[in-house]
Amino acid sequence: MMPLTMADNGKLVKIQKITGTDEIKQHMATLGFVVGEEVTIVNKNGGNLIVNVKDSRIALDKSLANRILI
């Protein structure tokens with residue numbers, strides 16, 4: 001497993017694990033980031049990401065993106 005920030009642009013990846021407190025995990029689930037969900041990296045900028053998840057485009061800062069393991 002590796003953090004989402006390590007994936008390449010345009011790559012479709014599957015979420016294996018989400019780390020952090022229960023509050024962070026709940027917030028991520030609300031955004032659509034759940035184990036087994038596929039996400040596509042749209043753009044990377046200094047560790048910050050724009051991703052497609054469940055037909056939505058979401059921006060993640062580096063600290064949140066590092067909590068998503070693929």
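Two strands count as paired if DSSP finds at least two bridges between them. Strands here are DSSP runs of at least two residues, numbered from the N terminus. The exercises below apply these terms to a predicted model.

**Exercise 1. Which residue of E4 stands opposite Lys 44, and how many bridges join E3 to E4?**

Step 1. Locate the strands: E3 covers residues 38–45, and E4 covers residues 48–53.
Step 2. Count the bridges. Six of them join E3 to E4, and the two strands run antiparallel.
Step 3. Read off the partners. Lys 44 stands opposite Leu 49, and Asn 43 stands opposite Ile 50.
Step 4. Inspect the turn. The hairpin of E3 and E4 has two residues between the strands, and Gly 46 there takes a positive phi near 65°.

**Exercise 2. Find the other strand that pairs with E3, and state the sense of the pairing.**

Step 1. Strand E1, residues 12–14, pairs with E3 over three bridges.
Step 2. The sense of this pairing is antiparallel.
Step 3. As an example of facing residues, Lys 14 stands opposite Glu 38 in E3.

**Exercise 3. Sort the side chains of E4 by the face to which they point.**

Step 1. Apply the cut-off: buried means under 20% relative accessible area.
Step 2. On one face lie Leu 49, Val 51 and Val 53, which are buried.
Step 3. Asn 48, Ile 50 and Asn 52 point to the other face and are not buried.
Step 4. Combine this with the pairing. Leu 49, on the buried face, is opposite Lys 44 of E3 and has Leu 60 as its bridge partner in E5.

**Exercise 4. Describe the hairpin of E4 and E5 and the backbone of its turn.**

Step 1. E4 and E5 pair in the antiparallel sense over five bridges.
Step 2. Two residues lie between the strands of this hairpin. Lys 54 and Asp 55 are both in the loop between E4 and E5.
Step 3. Check phi. Lys 54 has a positive phi of about 50° although it is not a glycine. Asp 55, also not a glycine, has a positive phi of about 60°.
Step 4. Check accessibility. Lys 54 counts as partly exposed because its relative accessibility is 48%. Asp 55 is exposed, with a relative accessible area of 85%.

**Exercise 5. Is Gly 47 buried or exposed, and which residues does it touch?**

Step 1. Place the residue: Gly 47 is in the loop between E3 and E4.
Step 2. Its relative accessible area is 18%, so Gly 47 is buried.
Step 3. Leaving aside residues up to four places away in sequence, Gly 47 touches Thr 5 and Lys 62.
Step 4. For a distance in space, take Leu 60: it is 13 residues from Gly 47 in sequence, and the two C-alpha atoms are 9.0 Å apart.

**Exercise 6. Summarise the protein chain as a whole: what are its elements, extent and charges?**

Step 1. The protein chain has two helices and six strands, in the order β-β-α-β-β-β-α-β from the N terminus.
Step 2. Its C-alpha trace spans about 30 × 25 × 20 Å along the principal axes. A compact globule of 70 residues would have a radius of gyration near 11 Å, and the chain's 11 Å agrees with that.
Step 3. Buried residues make up 31% of the 70 residues.
Step 4. Among contacts with a separation of 6 or more, 54% join residues 24 or more positions apart.
Step 5. The chain exposes about 4200 Å², and carbon and sulfur atoms supply 47% of that area.
Step 6. There are 9 positive and 7 negative side chains, and the centres of the two sets lie 5 Å apart.

Definitions and conventions. Residues numbered from 1 in each chain as written. Predicted model: local features only at pLDDT ≥ 70, side-chain atom pairs only at ≥ 80, totals over all residues. Heavy atoms only, no water. Helix = DSSP H or I, 4+ residues; strand = E, 2+ residues; numbered from the N terminus. Rg over C-alpha atoms; globule rule 2.2 N^0.38 Å. Buried < 20%, exposed > 50% of the residue type's maximum accessible area, 1.4 Å probe, protein only. Contact = heavy atoms within 4.5 Å. Areas by Shrake-Rupley, 256 points an atom, 1.4 Å probe, with all protein chains shown as cover. Lys, Arg positive; Asp, Glu negative; His and termini not counted. Charge placed at Lys NZ, Arg CZ, Asp CG, Glu CD.
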